[in-house]
Amino acid sequence: MENKRIALVTGANKGIGLEIARQLAQAGVDVIIGARDASRAATAIANLATQGLAAQSLSIDLNDHASIASAVDIIASQYGRLDILVNNAGIVDALDGPPSTSAPEAARRIMDTNFVGTLAVTQAMLPLLRKAPAARIVNLSSSLGSLTVNSDPTSPYYDARLIGYNASKAAVNMLTVQLAQELRDTDIVVNSVSPGYVKTDLTGHNGFMTAEEGARLPVQYALLSRDDAVSGKFVEASGITPW
Ligand code: NAP
């Protein structure tokens, strides 16, 4: 019998991450809910259990290298590999804003979590991803990370000037492109996925989509078959997103 795939979803205690975890579990994947707070993780596990879905959790804070190292040790000892990494955890900051007024410390906090934290988790998990037969890495990006969208006056996102957040997602896209290039001779693929404008805590529950809808494309890319495997792409529900 083929082993079940193992997935780690960061920031999976709520929002899009919890929905990604739910949909992966529904697809028969062994899901690990990454959360920085144990009680919030327990609530997420209980939430999934009400739908007959099992998952486990582990403590992982993108800003805490010891927690990342410990997560690697736990996954290594329990599974010896990682098939799917969904880099979902991310933040906005109330002090972020247009370049002329955004608080630099807010931009630093956002960069630390959304980019440096994502880079740190990805690097740490790579040895386990390399042990899987065909690992998939999904980086949660945003149309707001597109330089093309940011410079297009006809785009609905043209006025969404959050220099820290938008730059952090552009940096995540750079991680996708460079890592895909580095891994081009392996069976590991890595893509940036924009979930759409989703009603979660991060958006103050504004948006056009539910978390369930926002999770669909990230899950599709987490489950890419060998035949459909693409790497180094930036996608949204309507197709390829310009960089
Ligand atoms: P959310 O509901 O606020 O959830 C964010 C998750 O990230 C939470 O579980 C949060 O944990 C976790 N997190 C934050 N900082 C962390 C850290 N240092 N270490 C570990 N976990 C951390 O947001 P969401 O809307 O679901 O967003 C998920 C991802 O999609 C983000 O990367 C976001 O940028 C991206 N995205 C969202 C939208 C949208 O419209 N919602 C659009 C484009 C992209 P706590 O509960 O402990 O805070």
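Visitor: What makes a backbone N or O atom of Asn-88 and an oxygen atom of the ligand a polar contact?

Guide: In this predicted model the two atoms lie 2.7 Å apart, and a polar contact is a pair of N or O atoms within 3.5 Å, so the pair qualifies. Residues are numbered from 1 along each chain as its sequence is written, and side-chain values use heavy atoms, without hydrogens or water. Local features need pLDDT of at least 70 and side-chain atom pairs pLDDT 80 or more, whereas totals for chains, interfaces and linings use all residues.

Visitor: Which side chains place a polar atom at 2.7 Å or 2.5 Å from an oxygen atom of the ligand?

Guide: Asn-13 does so at 2.7 Å, and Thr-200 at 2.5 Å. Asn-13, Asn-88 and Thr-200 are among the residues that come nearest, out of 29 around the ligand (a heavy atom within 4 Å).

Visitor: Why is α1 called oblique to α7?

Guide: Helix α1 (residues 15-26) and helix α7 (residues 211-222) pack at about 55 degrees, their axes 8 Å apart. Angles under 35 degrees count as roughly parallel, over 145 as roughly antiparallel, 65 to 115 as roughly perpendicular and the rest as oblique. The value fits none of the named ranges, therefore α1 is oblique to α7. Their crossing is right-handed, the near helix being turned clockwise from the far one by less than a right angle.

Visitor: Which residues of α1 meet α7?

Guide: Gly-15, Ile-16, Glu-19, Ile-20, Gln-23 and Leu-24 meet residues of α7 including Ala-211, Glu-212 and Arg-216 (heavy atoms within 4.5 Å). This contact divides into eight nonpolar, three polar and three charged residues.

Visitor: What makes α3 roughly parallel to α4?

Guide: The axes of α3 (residues 65-78) and α4 (residues 104-130) come within 10 Å and cross at roughly 20 degrees. That angle falls in the roughly parallel class, so α3 is roughly parallel to α4. The crossing is right-handed. His-65, Ile-68 and Val-72 of α3 are among the residues in contact, as are Ala-120, Met-125 and Leu-128 of α4; the contact holds 10 nonpolar residues, one polar and no charged.

Visitor: Why are α4 and α6 also called roughly parallel?

Guide: The axes of α4 and α6 (residues 163-182) come within 7 Å and cross at roughly 20 degrees, and the two helices are therefore roughly parallel. Their crossing is right-handed. The contact includes Phe-115 of α4 and Tyr-165 of α6, and its residues divide into 12 nonpolar, five polar and one charged. Tyr-165 is also one of the residues that come nearest to the ligand.

Note on methods. Axes are lines fitted to C-alpha atoms, for helices over the stretch in contact, and angles run from 0 to 180 degrees between N-to-C directions. Helices (H or I, at least four residues) and strands (E, at least two) are DSSP runs, numbered from the N terminus. Ala, Val, Leu, Ile, Met, Phe, Trp, Tyr, Cys and Pro count as nonpolar, Asp, Glu, Lys and Arg as charged, and the others, Gly among them, as polar. A polar contact is a pair of N or O atoms within 3.5 Å; within protein, one must be able to donate a hydrogen and the other to accept it, and residues adjacent in sequence count only if both atoms are side-chain atoms.
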